[in-house]
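Okay, thanks for coming, everyone. Have a look at the chain on the screen, and I'll talk you through the parts I picked out.

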Amino acid sequence: MSKTINFKIDGQLVEAQKGETILQVARKAGIHIPTMCYISKTSPCASCRICSVEVEGVDGFILSCNTPPTEGIEVKTNSAALEQERVNIMKLYDVNHPLECGVCDKSGECDLQNMTLDFGISQQSFTAREQHKTVKDWGLISYDPALCIMCEKCTHVCNEAIGDDAIDVFFGGYSSTIIPKNAEKLDCTFCGECIAVCPVGALVSSEFKYSANAWELSRIPSTCAHCSAGCSLEYEVRHTGINGAEAIHRVKNNFEYTSLCGAGRFGFDFNNEQKSDSAAFNAAVEAVKNAGAIRFSSMITNEEAYILQKLKETQGLKLFNEDARKYAAFMKAYSSVSGKLHHSGSLDAIKQAEAAIVLGSRVATDNPGVRYALTTASRHNGAKIVYAHPIEDALLQNTVTQFMKYEVGTEEGVLALIANELLENVDVDEDTKAFLDNLDLGNLSAESNVGDDELKFMKKSFARAKNNVLIIGSDVLAHERAENIAKLAAIIEKYTTFTLVVIPSEVNTIGASMICDLDVDTDTANVVGYNAQGDFVISSLGDADMAVPALNQQEGTVVSIDNRVLPLNVALGFDGYTLNDIANALGLEAKNTIDYTKELASVAGFKAIEFDDLENFLTGLGEDVRGYLLDEVEVEADGKLEDVEELPEYNGTVIYNANPVLQFNNYTNKTKQLPKDNSLRGSAQFATAAKISDGDTVTITFGATTLTRTFKLDDELKGTIALNPMFDQTEDASAYRFAKSKIERVVS
């Protein structure tokens, strides 16, 4: 049976795939059908009716947004009757909408404004009693119900794309309004996606409100610099006064096809305002010349990583980046079994998944892009999602179908149990069969706290799933047995329908891991820190021995979780020197940092493409043509699984170094709008075990680190594991995130 449907739109022969609507087919064919409430990434809202069309032989109008075509029908998108229908709809929208375009933040890019002009509505035929509606202050978000046209875009995107499900519609005729769902105040992750999709000025950024008009802002396309999802965004820039400096006023995204978290949308002001002078530059050159090592973070571009590698080769120094080094070691072990340099999965694969396993990540805050992809899979595909972690996550409660709680540190045993279940009755090679046969399943189950019934339930729920994804988080990358866990993941990918996605810790962990030959970080004299700790610090964070530009102040590229090389562009200028200037002073020769873009190592799948030749946009149908995908590189597959080691025990009060919503690192901590709650959060059970109370000031000692925090009881947490944020610290992002801790109350 054919999966395609042939029909006509305005006399043009078109073809629909199974499941497509008339509107989707029209858009692919370049035929315009007006819409007000439709968003490509959610199910149809079907509230505006402006997308109505006529079908020959069918009485009345039909909604093109939610109607699939049938073979041979003839659709008409324009007629006198349709024109009158749309004009009347627009008049009803306009009947009680305040004429505040002069001060409205949406003016100049307002769908209601544009379509009122498009349909030539210059007079009003309807009247309605004016309603008094109070503006609501929801923190980062402001809601003006008087401007709201009840299109319901915000509720759909909040539920289906983000997963917060935090807003709802209060139906009451002309008194209808948007309200927080099951709460007095808006309780959400403040991603601001409702602001993005709002076609009018009802939902806006509280900070941006009344600060600029749309036509005054210059749009600069770039890539979000906060996590590895590689989200597309636009910085909107304007001067701060008549003679003022340039400033980022807001961040926008192509909401039809992409989403942004709150850090990406509101945490844009991490630019470095510190200036580096010639004395600081000369000192930096001498520091690098005499350095024993350079320690750097993964919050850098590929081009900067390339320069650091060249400095290692020419200056004979070591390169330290434990985050990227451990990621490289994990992927090398994976490659030794898979025969591929890069993992096979992607965010798009997660969106299309029918089954997913998440292991070793508090994914909702570690990588919101992955969370949004899982939400899409859940809402649109009915995907079965297993979340394996020692701590439940309330942000995923509406998305996850099975929570598999395991004991801290037992990730190797858990993945071995999962592999054994998924590979049951699968024809595997002799070495894999021997490994599985040798597993002490009873012991692993007892030590990890993952029962056979849970595994059987998981497998049963996956029975009909075809597009499956295994997601490995950064907890695992720093595990003592990370390399064997990587081989287990590769075995699952090799013999099942699962693809693999690995979540790096930082924005460019992947790029740094492939470009640089990294050394184990040891006690070395004369260490220069590049966006990291050192005896001499070169940093974009400010208060450094020499200042350099932040990632929103320079051109360059990063590698996303999709293994895509993505461009960054300059949103704000920087008055000072760069790493390239230091390199040139030490014998390298490049006019600009981006001269190295085409020089990136081809052996790792990079391509010899000039920076200025990289595309940076999404097409009208949502195709991502930003940058390029790394070429797949085949490697020798000579790795073998090792027996699972005895699983560790973590007793007493354990902390989990996990950041709260909207915080990732020192850069998000630097921003003005993002909340900065750095309290230790734990359950009543944790408080009892640690002998502390809500509101106590405590010291936390784990490893060589001692921190002072305020303790807060969190009703959503259970057990004796507390959440400890690290965004305000400069600690290495590579350490295993669970730690045995000593908690002491500070007596004043």
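**Sheets, helices and cores**

Let's start with α2, which lies across β3 and β5 and runs at about 160 degrees to β3. Some ground rules before I go on. This is a predicted model, where local features need pLDDT of at least 70 and side-chain atom pairs count only at pLDDT 80 or more, while totals for chains, interfaces and linings use all residues. Residues are numbered from 1 along each chain as its sequence is written, and side-chain values use heavy atoms, with hydrogens and water left out.

On the vocabulary: helices (H or I, at least four residues) and strands (E, at least two) are DSSP runs, numbered from the N terminus. Angles run from 0 to 180 degrees between N-to-C directions, with axes being lines fitted to C-alpha atoms, for helices over the stretch in contact.

So, which sheet is α2 sitting on? β3 and β5 belong to an open sheet of five strands, ordered β2-β1-β5-β3-β4, and the pairing is mixed. At the edges stand β2 and β4 (62–63), each with a single partner strand, so one side of each has no neighbour in the sheet. Pairing here takes at least two bridges found by DSSP between two strands. β3 (residues 52–55) and β5 (residues 74–76) have two bridges and pair in the antiparallel sense, and Val 55 has Val 75 in β5 as its bridge partner.

In the loop between β1 (4–9) and β2 (12–17) you'll find Asp 10. Asp 10 has a phi near 50 degrees, which is a positive value in a residue other than glycine. Is Asp 10 buried or exposed? Neither: Asp 10 is partly exposed, with a relative accessible area of 40%. The cut-offs are under 20% relative accessible area for buried and over 50% for exposed, with partly exposed in between (1.4 Å probe, protein chains only).

Compare Met 150, in the loop between β7 (141–143) and α4. Met 150 also isn't a glycine, and its phi is positive at about 60 degrees, but Met 150 is buried, with a relative accessible area of 19%.

That loop takes us into α4. Helix α4 (residues 153–162) packs with helix α12 (residues 368–381) at an angle of about 100 degrees, and their axes are 6 Å apart. The two are therefore roughly perpendicular; the bins are under 35 degrees for roughly parallel, over 145 for roughly antiparallel, 65 to 115 for roughly perpendicular, and oblique for the rest. On the α4 side, Asn 159, Glu 160, Ala 161 and Ile 162 meet residues of α12 including Arg 371, Tyr 372 and His 380. Contact, by the way, means heavy atoms within 4.5 Å.

Next, the second sheet. It's open, with three strands in the order β24-β25-β26 and antiparallel pairing. β24 (556–559) and β26 (628–629) are at the edges with a single partner strand each, so one side of each is left without a neighbour in the sheet. Helix α8 (residues 302–315) packs on the sheet and touches β24 and β25, its direction making about 95 degrees with that of β24.

How many bridges join β24 to β25? Four, and the strands run antiparallel; one of the bridged pairs is Val 559 with Val 565 in β25. The two strands form a hairpin with four residues between them, and Asn 563 in the turn has a positive phi of about 60 degrees. On the other side, β25 (residues 564–568) pairs with β26 over two bridges, with Leu 629 in β26 as the bridge partner of Arg 564.

What about burial in β25? Five of its five residues are buried, so β25 is largely enclosed by the rest of the structure. Arg 564, Leu 566 and Leu 568 point one way, and Val 565 and Pro 567 the other.

Last stop, the cores. A nonpolar core is a set of buried Ala, Val, Leu, Ile, Met, Phe, Trp, Tyr and Cys residues joined through side-chain atoms within 4.5 Å. In the largest, with 96 residues, Leu 311, Phe 330, Leu 415, Ile 418 and Ile 538 touch the most other members. Helix α18 (residues 482–495) supplies the largest share of this core, nine residues. There's also a second, separate core of 92 residues, with Met 36, Ala 225, Tyr 387 and Ala 571 among them.

Finally, what does Leu 311 contact beyond its neighbours within four places in sequence? Its contacts include Val 288, Ile 294, Leu 579 and Leu 588.
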